[in-house]
Amino acid sequence: MNPVVVVHGGGASNIPKDRKERVRQGVIRAATAGYNILKEGGSAVDAVEGSVTVLEDDPEFNAGCGSVLNMDGDVEMDASIMNGKDLSSGAVSAVRCIANPIKLARLVMEKTPHCFLTGQGAAKFAAAMGVPTVPGEQLVTERSIKHLEKEKNAKRLQNPGQQQNLGTVGAVALDSKGNMAYATSTGGIVNKMVGRVGDTPCIGSGGYADNDIGAISTTGHGESILKVNLARLTLFHVEQGKTLQEAAGLSLDYMKAKLKGLGGVILVNKAGDWAVKWTSTSMPWAAAKDGKLHAGIDLDDTHVTDLP
């Protein structure tokens, strides 16, 4: 089985020109990291965790360092991961002062009988597992501070930026043994209520993986994604015999028609086919397979290069 990894850097409105190249390089770095793990015999779970960690560490993306701020000006993060081999899953929500929530989600999956830990319980578990804490301000970027100010001003003027920030990061992978996995991580939406949790840590909404069907990671307006169970809905269409591209189109169009919700998905199946699709203005993504790296941000903007 030829390994495949696909990553996304979140559905977005317009990415300013000065950021575009940094964002493109970020998703390329993440896909390359995940692909290298697979090439060295690592599992799909290792690969998606590795790719998402790269994106969490990159301040250009709304996850880990670079997460958007809630209405109190703090970072609260959500993440989930799933192994398509046995459907084992791990998720955390409303976590603070941790550099890589995706690593904590994997620990929940592998070291507890549970699927999902939140808030203080997740923090206690992280401490018990020896996960280092980082000062909250270390995760806050200048861009996030400005973003919150702008959103608060818009709200005062009764002009909220409708679904402006759809950023999430995610990865899907197929390894040489035919196992699949997904990982998704986010800082949520700017100026959110304290304790707000979106789709990202919810299995079936923020992502899903089943070796018999495929693996998917989603991004977009969290409340809309939750209401339609976007990840599982898309894989349902795959089960019904639709191609990955058709399945993605059907579920994203349904979410848009029903809720005016915008978003995007990345998918891989057991044959090693992959797809990326979005209804937001753009979605930075990259895919690595057979020594080739595909990457893009806007529609009709795909670059293919040889992997080093």
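**Figure 1. Asp-58 is a buried residue in this predicted model and takes part in a salt bridge with Arg-29**. Asp-58 has a relative accessible area of 8% and is therefore counted as buried, a word that stands for under 20% relative accessible area, with exposed meaning over 50% and partly exposed the range in between (1.4 Å probe, protein chains only). The side chain of Asp-58 meets that of Arg-29 in a salt bridge with an N to O distance of 2.9 Å, where a salt bridge is a side-chain nitrogen of Lys or Arg within 4 Å of a carboxyl oxygen of Asp or Glu. Asp-58 sits in the loop between H2 and S2 while Arg-29 belongs to helix H1, so the pair ties together parts that are 29 residues apart in sequence. Arg-29, with a relative accessible area of 46%, is partly exposed. Helices (H or I, at least four residues) and strands (E, at least two) are DSSP runs, numbered from the N terminus. Residues are numbered from 1 along each chain as its sequence is written, and because the model is predicted, local features need pLDDT of at least 70 and side-chain atom pairs count only at pLDDT 80 or more, whereas totals for chains, interfaces and linings use all residues. Side-chain values use heavy atoms, with hydrogens and water left out.

**Figure 2. Arg-24 and Glu-21 form a salt bridge within helix H1**. The closest N and O atoms of Arg-24 and Glu-21 are 3.5 Å apart, and the two residues, 3 residues apart in helix H1 (residues 17-39), are separated by about one helical turn. Arg-24 is buried, at 14% relative accessible area, whereas Glu-21 is partly exposed, at 44%.

**Figure 3. Arg-96 and Asp-74 are joined by a salt bridge**. The N to O distance between their side chains is 3.3 Å, and the pair links distant parts of the chain, 22 residues apart, with Arg-96 in the loop between strand S3 (88-95) and helix H3 (101-111) and Asp-74 in the loop between H2 and S2. Arg-96 is partly exposed, with a relative accessibility of 35%, and Asp-74 is also partly exposed, with a relative accessible area of 29%. Elsewhere, Asp-46, Glu-49, Arg-106 and Glu-110 are joined into one network by salt bridges that share partners, and the count of salt bridges comes to 14.

**Figure 4. Met-71, Met-193 and Val-194 make a nonpolar surface patch**. The patch covers about 280 Å²; patches are made of residues with over 30% relative accessible area and no salt bridge, like charges being joined within 9 Å and nonpolar side chains (Val, Leu, Ile, Met, Phe, Trp, Tyr) within 5 Å. Accessible areas come from the Shrake-Rupley method with a 1.4 Å probe, and for residues only the protein chains shown count as cover. Met-71 is found in the loop between helix H2 (44-56) and strand S2 (77-83) and is partly exposed, with a relative accessible area of 33%.

**Figure 5. Ile-189 lies in the loop between strand S6 (180-186) and strand S7 (207-210)**. Ile-189 is partly exposed, with a relative accessible area of 24%. The C-alpha atom of Ile-189 is separated by 12 Å from that of Gly-66, although the two residues are 123 residues apart along the chain. For the protein that surrounds these views, the secondary structure comes to 8 helices and 13 strands, and buried residues make up 58% of the 308 residues.
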